[in-house]
Every structure is written in C-alpha cells, then in structure tokens.
Amino acid sequence: GKKETIILTTRSSQLSRARRPGNMMVKLGIKKNAKKGLAQLTKVMDAGFYRRDLIDEVTKKYQKIRTSFKQKKIIRKPRTHRK
C-alpha cells in the first residue's frame, strides 16, 4: 500500500542556504512510534533552539497525524445459512 510518513519541515540554520530558495527548507522524517517520535521532535525543537514557542502545537499536530494513519477495523457479521 501507500507509505505513510510524518515529515517535519524547518528552515535551514545555515545562512548560505537561506539565500537559495530551493534549499531553504529542510525536510526531516519523524518516527511513527509515539515515544521515539515525540523525543525526536523535542530534540529538534527544544534542544535545537528552533521555535520553542511552538512545541505544544507541534506535539498536538503529531498526535493528530498519528491517529489519522489508523484505519477503522471492518467488523464482519457471520453469515447465516438459509434453509
């Protein structure tokens, strides 16, 4: 099936990349495991001093994206034989 990924897009911290519009944004893949993914987000945002004011919003968005990947289970009713 189709691959489902979570991607965090941030601005590059290098000034040389800031001048090139094509390379200005950096895409980073985030893990889908909740514990590892949230740790990865806090490492990038908090420890990396990147938009620490948005950490709460980013974690909420991450949870929403994770729940959107879950598919509803199909409940099949047992068939009854006609006589």
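**View 1. Ile30 sits in strand E2.** In this predicted model, Ile30 has a relative accessible area of 8%, so it counts as buried, the cut-off being under 20%. Who keeps it company? Setting aside neighbours within four places in sequence, Ile30 touches Ile6, Leu8, Gly37, Gln40, Leu41 and Tyr62. Pro78 is another story: it lies 48 residues from Ile30 along the chain, and their C-alpha atoms are 40 Å apart.

**View 2. Strands E1 and E2 pair up antiparallel.** Here E1 (residues 6-11) and E2 (residues 25-30) are joined by six bridges. To pick out one of them, look for Thr10, whose bridge partner in E2 is Val26.

**View 3. The side chains of E1 take turns.** On one face you'll find Ile6, Leu8 and Thr10, which are buried. Ile7, Thr9 and Arg11 point to the other face and are not buried. That's the usual pattern: side chains in a regular strand alternate between the two faces of the sheet. Two residues from the buried face, Ile6 and Leu8, turned up in View 1 as contacts of Ile30.

**View 4. Helices H2 and H3 cross.** The axes of H2 (residues 34-47) and H3 (residues 55-69) come within 11 Å and cross at roughly 150°. The two helices are therefore roughly antiparallel to each other, and their crossing is right-handed.

**View 5. A closer look at where H2 meets H3.** From H2 come Ala34, Gly37, Leu38, Leu41, Met45 and Asp46. Facing them from H3 are Ile55, Val58, Thr59, Tyr62, Gln63 and Arg66. By type, the residues of this contact split into seven nonpolar, three polar and two charged. Gly37, Leu41 and Tyr62 are also among the contacts of Ile30.

Conventions. Residues numbered from 1 in each chain as written. Predicted model: local features only at pLDDT ≥ 70, side-chain atom pairs only at ≥ 80, totals over all residues. Heavy atoms only, no water. Axes fitted to C-alpha atoms, helices over the stretch in contact; angles between N-to-C directions. Helix = DSSP H or I, 4+ residues; strand = E, 2+ residues; numbered from the N terminus. Parallel < 35°, antiparallel > 145°, perpendicular 65-115°, else oblique. Left-handed = near helix turned anticlockwise from the far one by under 90°. Contact = heavy atoms within 4.5 Å. Nonpolar A, V, L, I, M, F, W, Y, C, P; charged D, E, K, R; others polar. Buried < 20%, exposed > 50% of the residue type's maximum accessible area, 1.4 Å probe, protein only. Pairing = 2+ DSSP bridges.
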